[in-house]
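Reader: Could you walk me through this one slowly, starting with whatever I need to know before we talk about how helices cross?

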Amino acid sequence: MVELNEVFETNTMICGENLDVRTITMGISLLDCCDSDLDVLCGNIYGKITESAKDLVRVGDEIGLDFGIPVINKRVSVTPISIVGSSACRTSGDFVRIAETMEKAACEIGVNFIGGFSALVQKGMTAADQMLIRSIPEALSVTERVCSSVSLASTKTGIDMDAVKLMGSVIKETAEATGHRDSIGCAKLVVFCNPADDNPFMAGAFHGVTETDLVINVGVSGPGVVKTAISKVRGENFEVLCETIKKTAFKVTRVGQLVAKEASRRLNVPFGIVDLSLAPTPAVGDSIGDIIQEMGIEYVGAPGTTAALAILNDQVKKGGVMASSYVGGLSGAFIPVSEDRSMAYAAEIGALTLEKLEAMTCVCSVGLDMVPVPGDTSAETISGIIADEMAIGMINQKTTAVRIIPVCGKRAGDTIEFGGLLGSSPIMPVSRYGCKAFIDRGGRIPAPIHSFKN
Amino acid sequence: MNRVVVTLVGKDHIGIIATVCNYFAENSINILDIKQTTVQEYINMMMIVDLEKCTKQFSEIVCGLEDVGKKVGCIIRVQHEEIFDMMHRI
């Protein structure tokens with residue numbers, strides 16, 4: 001029988017510390033939709049998504065009501081569209097039509113984001129991959145809910161530098177295509193090294209080709225819960241600190257496991273994974289930066305930040321792994337600058353720089369995330385930033401990503417307000433020294449050696 | 001058995017539990033356990049109840065108890081028991 005203090009502890013987490021289930025994401029394979037006729041393909045895609053996920057939002061809300069925990073987002077991820085559309089699409093415009101179909105389907109079922117307008121080009125690009133990538137600026141400017149991701153590198157294959165170069169331009173074009181809305185299109189576009197096939201979080205969610213036909217993946221959150229827990233062990237040693245994070249992550253993940261199993265049962269769709277990520281929001285008390293500061297760092301970016309983040313990321317995984325039967329996705333701590341009030345403030349006062357952020361991505365669960373940079377940052381410089389991040393992921397055998405926003409018309413130090421969950425942030429300065437000759441080389445960076453690890 | 005945890009938090013006064021219990025009786029909800037503490041003038045109460053014989057939808061019970069909460073000046077939450085079992089039991 002549950003005890004009074006346990007019940008109130010859970011409810012304090014939910015009501016006072018922003019514990020929530022961040023997303024129930026249904027992965028849908030579109031491989032059986034393939035056709036060489038674009039109209040037929042679009043019809044198949046619309047039909048499969050709207051039929052498979054027709055009850056997703058209702059069931060998500062019902063689960064939230066039954067257990068008294070907010071289920072914030074209900075979303076869909078699909079098979080990378082460059083594969084699905086490869087035999088039907090002859091131009092980039094054809095891929096835009098698929099994006100519009102995904103948007104229409106997302107509106108019909110009521111999900112706020114649909115991921116999978118993606119290409120996996122870590123070793124090379126097919127003609128379809130290139131067309132999809134070139135269609136991204138238009139696709140993201142004519143849709144609201146479609147999210148795009150491109151895998152540019154992996155530990156097994158190396159880095160596709162031709163694609164890295166192309167993505168620098170595509171990110172710039174996407175920023176310009178949505179320039180009248182603070183380049184918001186770039187918030188829906190991410191590039192990856194070693195992406196996860198079962199990631200439920202946007203903008204990087206897609207349904208990997210090794211996945212089953214339909215699957216339920218759940219992303220939990222709860223930075224506020226971890227922050228409150230470690231505030232009770234202030235001044236204690238690292239053993240106590242680590243144990244506290246681990247135990248808290250266990251509790252948070254158990255909720256995700258419950259919701260995932262329940263969603264799977266009610267929707268009659270197999271349970272895939274729980275993603276243990278601590279995902280911040282701009283809400284007060286829902287911040288990864290606050291956790292790092294609670295550990296004893298004055299502001300995020302100060303010396304010690306990388307070590308603090310490493311502790312957090314590792315202990316979250318250790319606590320969460322035992323709490324769920326299947327763990328997957330990105331699982332760790334996200335560090336999106338604009339979405340995290342403390343991190344945005346640290347950037348504003350100069351405590352957090354892009355270079356320090358890059359160092360932090362060596363130990364966080366993803367990478368450079370929601371980083372607004374000046375609008376006049378060149379495509380080559382963006383490609384250089386991407387190449388650095390891909391190299392970190394490739395060498396360290398981890399997922400890394402770049403979601404960078406060169407905001408049109410803004411300069412370093414200006415503030416950008418994206419609104420909602422995307423938050424606000426100062427524009428972070430970028431090195432004024434170039435890398436054009438490096439990016440212009442083209443070709444591939446070979447896969448790294450897997451021995452002699454130093 | 002359809003076990004649900006009802007929690008109540010608010011300023012203590014005469015008749016809170018009576019009002020809540022009346023609502024349960026009217027809706028054929030059986031009380032399995034009641035625990036409460038009062039700190040100064042505030043009451044923290046938890047009941048475990050069985051909805052097996054209740055004919056209303058769960059969402060109606062949630063709304064009904066919210067209204068009862070407003071009447072007695074307390075916040076009442078209703079949640080299926082599994083969330084607490086999952087979080088606090090291995």
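Author: A crossing counts as left-handed if the near helix is turned anticlockwise from the far one by less than a right angle, and as right-handed if it is turned clockwise. Please keep in mind that this is a predicted model.

Reader: Okay, so which hand does the crossing of helix 8 and helix 9 of chain A have?

Author: Helix 8 of chain A and helix 9 of chain A cross in the right-handed sense. Helix 8 covers residues 223–231 and helix 9 covers residues 238–267, and the two pack at an angle of about 145° with their axes 9 Å apart.

Reader: And which residues make that contact?

Author: On the helix 8 side of chain A they are A:V225, A:V226, A:A229 and A:I230, while helix 9 of chain A contributes A:L241, A:T244, A:I245, A:T248 and A:V252. Sorted by class, this contact has 7 nonpolar and 2 polar residues, with no charged ones.

Reader: Switching to helix 11 of chain A, how far apart are its end C-alpha atoms?

Author: They are 24 Å apart, and this agrees with expectation because the 17 residues of helix 11 of chain A (305–321), at 1.5 Å a residue, should span 24 Å.

Reader: Which of the residues in helix 11 of chain A are buried, and what do they pack against?

Author: The buried residues are A:T305, A:A308, A:L309, A:L312, A:N313, A:Q315, A:V316, A:G319 and A:G320. The buried residues of helix 11 pack against helix 9, helix 10 (288–295) and helix 13 (354–360) of chain A.

Reader: Stepping back, how is chain A divided into domains?

Author: Chain A has domain 1 at 21–193 and domain 2 at 227–441, and the C-alpha centres of these two domains lie 22 Å apart. Between them, 40 residues of domain 1 are in contact with 39 residues of domain 2.

Reader: What gives the largest share of the domain 1 side there?

Author: Helix 7 of chain A does, with 10 residues of the side of domain 1 that touches domain 2. By class, that side of domain 1 has 25 nonpolar, 9 polar and 6 charged residues.

Reader: Then on to chain B: how many of its residues are in contact with chain A?

Author: There are 22 residues of chain B in contact with 18 residues of chain A. On the chain B side, helix 3 gives the most, with 7 residues, and the residues of that side divide into 9 nonpolar, 7 polar and 6 charged.

Conventions. Residues numbered from 1 in each chain as written. Chains lettered and ligands numbered in written order. Predicted model: local features only at pLDDT ≥ 70, side-chain atom pairs only at ≥ 80, totals over all residues. Domains from an automatic or database assignment. Contact = placed C-beta atoms within 7 Å. Helix = DSSP H or I, 4+ residues; strand = E, 2+ residues; numbered from the N terminus. Nonpolar A, V, L, I, M, F, W, Y, C, P; charged D, E, K, R; others polar. Axes fitted to C-alpha atoms, helices over the stretch in contact; angles between N-to-C directions. Expected span 1.5 Å × (residues − 1). Buried ≥ 20, exposed ≤ 12 C-beta atoms within 10 Å, placed from the backbone.
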